Amino acid sequence: MTARRGILSLVVAVLAIALTACSGLPTSGKVNYGLSTSDAPDPEEISFLLPDRPQPGATPEQIVEGFIRAGSGPGVGTNWDRAREFLTPQFSKVWNPSAGVIVDVFEERDLGETDEGAVSMSITAVATVDGTGTYERAEVGERVLPFELQQVDGEWRISFADDGVVLDRDEFPRVFHDYSVMYFDPTWQYLVPDTRWYPTTGAPRLVVDALIAPPSAWLGEAVESAFPEGVTVIAAVRRPGNVYEVDLSESVLGADPETIDRMYTQLRASLATAGMTDVELTVQSTPIDADVVAVRSTRIPGAPLVLTEDGFGFLAGGEEIEPIPRLSEMVEEFAPVAIQVDPQREAAAIRQADGTVSIVRANETWDTLDPRPGLIDPSIDPFDIVWTVPRDQPGGLQAYLRDLTPVVVADAWPGATAVHAMSVSRDGTRIAAVVTAGGRTALWVAGIVRGADQVPERLGDPLQLAVVDGASRGIAWLDDLSIGVLSGDAEGTEVLEQVVGGLTSTSSAPETMSSIAGGTSLSSVRLLADDGTLSVKRGTTWQPTATGVRVLATQQGMPE
């Protein structure tokens, strides 16, 4: 994009971020994770076969059944016009299909007439999407949906039904797609995705509207948005070449150039996930043009970071160790059993065989941080703050600042009785953990609420993502939006890959696997076995790539 100057100066973030196009919900199976921007659904080119219209002489049950099927056809503008044909004229004016989605199991639907003009349908819900597009796994259980019907010109039509639509779990990913609404971390260095699910036919405008509104509740206090209160979208129009024009209210003219730069950056990155290749901001149809702004990447190198008998460093070609200058020697001296390295490769959080958690630094210094017994593997965030917690005290989460001050992080994992593994996201805004609560082991994620100088204060309300089968053996952020969990029991070992705010996929792994780490992409997840064999997934199998590995380290990014 050519830099120009109009009313205001902006900076463009050229970010091509595309996320999951999925083919199943939310229990197990393969999910297609890696859409590039060029592969993202083109909302103008996607069409759906419209469901059937109401048939003359249809019974109340048939009308309700047809209405539910019509939920698979949002139509142009996502108005669900075909579904409205099953409603009385009056009820059609007030029914709100955009209120949300219930995702259910088609085979378990049960429809019956309870009285003349009254029908109920029992369903088994597996997930919900609220009116903001936020997806959440549902507790599997029966729900009963009531319908009331009246005759209109001699034909039954629905006069009452709950707002929203019902889609079975196979239909849902054909009608809805996940998009990333992008916010900043509190330092304005990283872009943080907030997953939303929208019908593909109207996604770009819905993404823009979501960006003007607050983030998802669980994430809201952990991120920042550059959009000032009171700024509204007057119009949003797709132009040729996948350029999206967003006309903002005049109040945006009161914002300083840096703020507007960040607004544009958020819009550009968010709309890239909806297939837009460029964005043009306008005020009263007058363009606001842009330069480029830099944001930090959370990508990690392709080579795994390991500790072997030959030393600590990147395993190049499956054989030679490339050490991290000065830091590798410090790590080797302590012979840790768990290692996580900060983005600048200047420090590492380690856990030693006796359970002690320490920080070692490339400047050849080190400090023991947490002497409490029963600590799980620590995590280090972008600010070199080290996070620790005892396995049997989930509420005892502590963060050790760079000056070694321990900070008790409030509101950590409410209701949990144990925490088995945890890791801070590479951008420092979220923390994921495998916890036991109510007798069940599950993967949770929470936003990190920070105060001055990025000191952690508390966690936001956790979002419960997925049930974890078997004992947890490790956790790792696989990218900005996906978490990997390795677990196992006597029946086998499983790798769970969870999109935050999205779908879950699982795959089996050899029972000897003991730790997990991310790679350059979701297809390069690595596992380490008890015997020191390092494996990477190729297709549906895990292929050994190296032997003699003592510790598989995790990385929190790369140096700027």
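Which residues does Q352 touch, not counting those up to four places away in sequence? I began my notebook with this query, and I record here that the model is predicted.

**Entry 1: Q352**

I found that Q352 touches F334, P336, V337 and S358, with residues up to four places away in sequence left out of the list. I then looked up where Q352 lies along the chain, and its place is in the loop between β18 (347-351) and β19 (357-361). I also asked whether Q352 is buried or exposed. Its relative accessible area is 16%, and the limit for a buried residue is under 20%, so Q352 counts as buried.

**Entry 2: the chain as a whole**

I turned next to the totals. The chain has 560 residues, and 58% of them count as buried. I noted 7 helices and 39 strands. The accessible surface comes to about 22,800 Å², and carbon and sulfur atoms hold 47% of it. Among contacts with a separation of 6 or more, I found that 56% join residues 24 or more positions apart.

**Entry 3: the nonpolar cores**

How many residues does the largest nonpolar core have? I recorded 52, and those with the most contacts inside this core are V246, L271, L443 and I483. I followed I483 further, leaving aside its neighbours within four places in sequence. Its contacts include A432, L443, L465, W477, L496 and V500. L443 therefore appears in my notes both as a contact of I483 and as one of the residues with the most contacts inside the core, where contact means heavy atoms within 4.5 Å. I also noted a second, separate core of 38 residues, which includes V64, A70, L145 and I158.

**Entry 4: helices α5 and α6**

I examined the pair formed by helix α5 (residues 203-212) and helix α6 (residues 257-272). Their axes come within 10 Å and cross at roughly 145 degrees. The crossing is right-handed. On the α5 side, I listed P204, V207, V208 and L211 as making the contact. On the α6 side, the contact is made by Q266, L267, S270 and L271. L271 is also among the residues with the most contacts inside the largest nonpolar core.

**Entry 5: the sheet β30 to β33**

I traced an open sheet of 4 strands in the order β30-β31-β32-β33, with antiparallel pairing. Why do β30 (471-477) and β33 (504-509) each have one side without a neighbour in the sheet? Both stand at the edges with a single partner strand, so one side of each is left without a neighbour. Neighbouring strands of this sheet are turned by 20 degrees against each other on average, direction ignored. Within the sheet, 8 bridges join β31 (residues 482-489) to β32 (residues 492-499). I looked up one of the partners: S487 is bridged to E494 in β32.

**Entry 6: D489**

I found D489 in strand β31. Its relative accessibility is 39%, and D489 counts as partly exposed. D489 touches G470 and R473, not counting residues up to four places away in sequence. The C-alpha atoms of D489 and A471 are separated by 6.2 Å, although these residues are 18 apart along the chain.

**Entry 7: the sheet β21 to β24**

My last search concerned another open sheet, in which 4 strands follow the order β21-β22-β23-β24 with antiparallel pairing. Here β21 (379-380) and β24 (406-408) stand at the edges, each with a single partner strand, so one side of each is left without a neighbour in the sheet. β21 pairs with β22 (residues 386-388) over 2 bridges. I noted W387 in β22 as the bridge partner of S379.

Key: Residues numbered from 1 in each chain as written. Predicted model: local features only at pLDDT ≥ 70, side-chain atom pairs only at ≥ 80, totals over all residues. Heavy atoms only, no water. Buried < 20%, exposed > 50% of the residue type's maximum accessible area, 1.4 Å probe, protein only. Areas by Shrake-Rupley, 256 points an atom, 1.4 Å probe, with all protein chains shown as cover. Pairing = 2+ DSSP bridges. Core = buried A, V, L, I, M, F, W, Y, C linked by side-chain atoms within 4.5 Å. Axes fitted to C-alpha atoms, helices over the stretch in contact; angles between N-to-C directions. Left-handed = near helix turned anticlockwise from the far one by under 90°.
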